[in-house]
Amino acid sequence: MTIQEAVKERHMVRKYQEKPIPMGIAAQLQERLTEDNQASGLCLTLVTGSNDGLGAMAKLISKNVNNYIILAGPDTPALDKALGYWGADAMLFAQTLGLNSWWVGGMFNAKGAAKHLTGTGLRVNGVIAVGYGATQGVPHKSKTTADISSYDGTAPQWFQDGVSALLLAPTALNKQAYCVRGKDNKVILTCDSGHFAGIDLGIGKYHFEVGAGKDNFEWTEAL
């Protein structure tokens, strides 16, 4: 399975089988996290055999969550956006390995997750549960292309494909509070989802890039 296929196949899963992740699969996932950390300066970390990164409410509404990825990095203003972007890469890569996932945003246990980290000045802002789902999940109710996007002129195929992938991105409270606009090969993406805006923006940018192809456009702050 490719990352492009994973975007379409991945759905939120909160209930898992009592099946451990094989060492070989865990090693491949950790290797991807190591590569992402080297590229981003983050501290994404895989924890297996534990659910201590989940808060009490998350434990109540889930089942057999025994593995998760810690979303953490140096506490800077750009951290949330980076966690969203690189966390999306980790989550979708996990899908290519046959794993299901759940991005636990507001119901994680920062102190529990932080026990598995080394280093100082790190902030945890979420975890991603991973494992073998009891089901493959179902698609969420989605907005339409017209709801979240506009293009100056006739939208090229790459822009349409980018928006389609963006609409499949997980967002806080499923708000899909995106606004994406394009002109020529320039694209601007904003997200108004309150406290989770940085995380959601990072996730959205990653998904749009996967759909549109990074070589077809440039991000910009104004059109």
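Here are a few friendly notes on the structure above, covering its annotated domain, one sheet and its two cysteines of interest.

1. **Starting point.** Please keep in mind that this is a predicted model. The UniProt record, an unreviewed entry, carries the annotation "domain: Putative nitroreductase TM1586" for residues 3–212. Over that stretch, 40% of the chain is helix and 20% is strand. The C-alpha atoms at the two ends of the stretch lie 13 Å apart.

2. **The four-stranded sheet.** If you trace the strands across the sheet, the order reads S1-S2-S4-S3; the sheet is open and its pairing is antiparallel. Strand S1 (45–48) and strand S3 (100–104) are the edge strands, and each has a single partner, so one side of each has no neighbour in the sheet. From one strand to the next, the twist averages 25°. As general background, strands of a sheet pair through backbone hydrogen bonds, in either a parallel or an antiparallel sense.

3. **How S1 joins on.** S1 pairs with strand S2 (residues 67–74) in the antiparallel sense, and four bridges connect the two. If you would like a place to look in the viewer, try Thr48: its bridge partner in S2 is Asn67.

4. **The helix across the sheet.** Helix H4 (residues 79–96) lies across three strands, namely S2, S3 and strand S4 (122–131). Relative to S2, helix H4 runs at about 155°.

5. **The surroundings of Cys191.** Cys191 sits in strand S7 (residues 186–191). Is this residue buried or exposed? Cys191 counts as buried because its relative accessible area is 14%, below the 20% cut-off. Setting aside neighbours within four places in sequence, its contacts are Ala177, Tyr178, Ala197, Asp200 and Leu201. Gln176 is 15 residues away from Cys191 in sequence, and their C-alpha atoms are 8.1 Å apart.

6. **Cysteines and disulfides.** A disulfide, in general, is a covalent bond joining the sulfur atoms of two cysteines. How many disulfides does the model contain? The count is zero. Cys179 is in no disulfide, and the nearest cysteine sulfur to its own, that of Cys191, is 10 Å away. The cut-off for a disulfide is 2.5 Å between sulfur atoms. Cys191 likewise takes part in no disulfide, its nearest cysteine sulfur being that of Cys179.

7. **Exposure of Cys179.** Cys179 has a relative accessible area of 34%, which means that Cys179 is classed as partly exposed. Cys191, by contrast, is buried at 14%.

Definitions and conventions. Residues are numbered from 1 along each chain as its sequence is written. This is a predicted model: local features need pLDDT of at least 70, side-chain atom pairs count only at pLDDT 80 or more; totals for chains, interfaces and linings use all residues. Side-chain values use heavy atoms; hydrogens and water are left out. Two strands pair if DSSP finds at least two bridges between them. Axes are lines fitted to C-alpha atoms, for helices over the stretch in contact, and angles run from 0 to 180 degrees between N-to-C directions. Contact means heavy atoms within 4.5 Å. Buried means under 20% relative accessible area, exposed over 50%, partly exposed in between (1.4 Å probe, protein chains only). UniProt positions are given in the numbering used here, feature names are shortened, and annotations may be inferred rather than shown by experiment.
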